[in-house]
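This report looks at salt bridges and how exposed their partners are. The structure comes first.

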Amino acid sequence: MRDNALPRILPFALFMGFIGIEGGLNFLQGRGLVAISDTMILSLYPIKTVCVAGVILFYWKHYREIIWRDVTDLKMGAISISGGLLIFALWITLDFNFATQGTPSGFNPGLFENDVIRFTMIAVRLAGAALLVPIMEELFWRSFLIRYVVTSDFSRTTIGTFTWPSFLITALLFGLEHHYILAGVVAGIIFNLILYYTKSIFQCILAHSVANLALGAYVLLTGEWQFW
């Protein structure tokens, strides 16, 4: 089990480790304990993206559950895209104070004065959100953890197997991973439902990618950086 789990856990753990470092630096900066600029903290994102992408590429041959020919299933694709757009719409409306943990600092590329650097950071942030994060998170949440809750020998559990504990636990933990807890829980529920209906990790990745890309476009158009 360990050999199967590590390729799905490590990219997610590395990503969360970087988030912890960013959060720690923001905390220390806010209390004047370290002399570090906002742009330096934001500059960790490309490093995080490259490191996590490198781990995923290293383990790529292990991800047999991602069946790329599923892209040809137009019916399932339409469901996934619709689900992703629904998640985006709910994400920007369920930002209630009581359901938010901490104060989201967001990712504001406008802090970079140099045009080339600013547009590069925007491109990297969009690519990370729309391509890397969906693969990383769906491998962890919908391929590994949701099956691991069913049985510790998760690789023997068919993709899309439903049990109430695995459904509820992963949805709740997915919400707690994000600043916007309620929006995260609702998104976790929808992603899980897409998994159960399509039996496809690819379709979950597609839905996640659509949600994140739509959110990125919304943030860039409105300047609501807290959602990033």
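In this predicted model, the side chains of glutamate 22 and lysine 48 meet in a salt bridge, at 3.3 Å from N to O. The term means a side-chain nitrogen of Lys or Arg within 4 Å of a carboxyl oxygen of Asp or Glu. This pair links distant parts of the chain: glutamate 22 is in helix 1, lysine 48 is in helix 3, and they are 26 residues apart. Helices are DSSP runs (H or I, at least four residues), numbered from the N terminus. Both glutamate 22 and lysine 48 are buried. Buried means under 20% relative accessible area, exposed over 50%, and partly exposed in between (1.4 Å probe, protein chains only).

A search of the whole structure finds five salt bridges. Three of them, including the pair above, are tabulated here.

| Acid | Base | N to O distance |
|---|---|---|
| Glutamate 22 | Lysine 48 | 3.3 Å |
| Glutamate 65 | Arginine 8 | 2.7 Å |
| Aspartate 153 | Arginine 156 | 2.7 Å |

Glutamate 65 and arginine 8 form a salt bridge. Glutamate 65 lies in the loop between helix 3 (44-58) and helix 4 (74-91), and arginine 8 in helix 1 (residues 2-30), so the pair ties together parts 57 residues apart in sequence. Glutamate 65 is buried at 12% relative accessibility. Arginine 8 is buried too, at 6%.

Aspartate 153 pairs with arginine 156. Aspartate 153 is partly exposed, at 27% relative accessibility. Arginine 156 is exposed, with a relative accessible area of 71%.

Residues are numbered from 1 along each chain as its sequence is written. Local features need pLDDT of at least 70, side-chain atom pairs count only at pLDDT 80 or more, totals for chains, interfaces and linings use all residues, and side-chain values use heavy atoms, leaving out hydrogens and water.

Technical notes:
Helices (H or I, at least four residues) and strands (E, at least two) are DSSP runs, numbered from the N terminus.
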